[in-house]
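Welcome! Here are a few exercises to help you find your way around a protein chain. Try each task yourself before you read the solution below it.

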Amino acid sequence: MAKAKATDILSLIEAEHRQVEQLFTQIEKAKGNKIPSYFQEIYKALNLHARTEELAFYPALREYEETQEYIEEAEEEHEDVSVLLEEIKAMKPNDPEFLEKISELKQAVQHHVEEEESEIFDAVRECMSEEQLTALGEEFKKAKAKLEPDVEAALAQ
Ligand SMILES: [Fe+2]
Ligand SMILES: [Fe+2]
């Protein structure tokens, strides 16, 4: 039997980006009371993704000259996304501006995702080995499992 395949951190991050994009497509098509439940999924997925990157990916970027320069902007973009998530969470789903805010959030996320998958990933591939990326993938999974209860708790507040 084949051994479970170890995954590099970049593939894990990309897979989560695709999941979030999927959720945005779903919330845009959703009607009525489905909208808040999709927002909850987006809130959870994005917060968990960003916190996990901050714990298990961005510190690795700090280690290399090629990647250091991207951290500050990436962290600012996480902060922008986080502010929007909290603003939307505080809104009533029937607020006329709710979907407008969702689309603002989507644009902010898209911009950040594009930056990660182009500039940042390119720089990472230049300075980190396959083995390192696989080891970071393991750390990413562990960090995510550790952070999940906190994000769940934040959602319930
Ligand atoms: Fe990020
Ligand atoms: Fe990301």
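A residue counts as buried if 20 or more other C-beta atoms lie within 10 Å of its own, as exposed if 12 or fewer do, and as partly exposed in between. Keep in mind that this is a predicted model.

**Exercise 1. Is Ile 71 buried, exposed or partly exposed, and which residues does Ile 71 touch?**

Step 1: Find the residue. Ile 71 belongs to helix α5.

Step 2: Count its surroundings. There are 15 other C-beta atoms within 10 Å of Ile 71, so this residue is partly exposed.

Step 3: List its partners. Setting aside neighbours within four places in sequence, Ile 71 is in contact with Tyr 58, Leu 61 and Arg 62.

Step 4: Look at a residue further along. Lys 92 is 21 residues from Ile 71 in sequence, and their C-alpha atoms are 34 Å apart in space.

**Exercise 2. Describe the surroundings of Val 81 and Glu 87 in helix α5.**

Step 1: Start with Val 81. Because 19 other C-beta atoms lie within 10 Å of it, Val 81 is partly exposed.

Step 2: Name what Val 81 touches. Without residues up to four places away in sequence, the list is Leu 46, Ala 50, Leu 105, Ala 108, Val 109 and His 112. For Leu 46, the C-alpha distance to Val 81 is 8.4 Å, across 35 residues of sequence.

Step 3: Turn to Glu 87, which lies in α5, residues 71-90. Glu 87 has 13 other C-beta atoms within 10 Å and is therefore partly exposed.

Step 4: Add a distance. From Glu 87 to Lys 101 is 8.5 Å, C-alpha to C-alpha, with their positions 14 residues apart in sequence.

**Exercise 3. Which helices and strands does the chain have, and what are its dimensions?**

Step 1: Count the elements. The chain has 7 helices and 0 strands, and from the N terminus they follow one another as α-α-α-α-α-α-α.

Step 2: Check the overall form. A compact globule of 157 residues would have a radius of gyration near 15 Å, and the 16 Å of this chain agrees with that.

Step 3: Picture the box. Along the principal axes, the C-alpha atoms fill roughly 50 × 40 × 25 Å.

Step 4: Consider burial and contacts. Of the 157 residues, 23% count as buried. Among contacts with a separation of 6 or more, 75% join residues 24 or more positions apart.

**Exercise 4. Where is the largest nonpolar core, and which helices supply it?**

Step 1: Identify the residues. The largest nonpolar core has 14 residues, and those with the most contacts inside it are Ile 9, Leu 10, Ile 13, Phe 57, Leu 133, Leu 136 and Phe 140.

Step 2: Assign helices. At least two core residues come from each of α1 (9-29), α6 (98-127) and α7 (130-156). The most come from α1, with 4 residues.

Step 3: Zoom in on one member. Leu 136 touches Ile 9, Ala 56, Phe 57 and Ala 60, leaving out residues up to four places away in sequence.

Step 4: Look for another core. Apart from the largest core lies one of 10 residues, including Phe 39, Ile 42, Leu 46 and Leu 105.

**Exercise 5. How do α1 and α7 meet?**

Step 1: Take the geometry. The axes of α1 and α7 come within 7 Å and cross at roughly 50°, so the two helices are oblique to each other.

Step 2: Name the residues in contact. From α1 they are Ile 9, Leu 10 and Leu 12, and from α7 they are Leu 133, Leu 136, Gly 137 and Phe 140.

Step 3: Sort them by class. This contact has 6 nonpolar, 1 polar and no charged residues.

Key
Residues numbered from 1 in each chain as written. Chains lettered and ligands numbered in written order. Predicted model: local features only at pLDDT ≥ 70, side-chain atom pairs only at ≥ 80, totals over all residues. Core = buried A, V, L, I, M, F, W, Y, C linked by C-beta atoms within 7 Å. Contact = placed C-beta atoms within 7 Å. Rg over C-alpha atoms; globule rule 2.2 N^0.38 Å. Axes fitted to C-alpha atoms, helices over the stretch in contact; angles between N-to-C directions. Parallel < 35°, antiparallel > 145°, perpendicular 65-115°, else oblique. Nonpolar A, V, L, I, M, F, W, Y, C, P; charged D, E, K, R; others polar.
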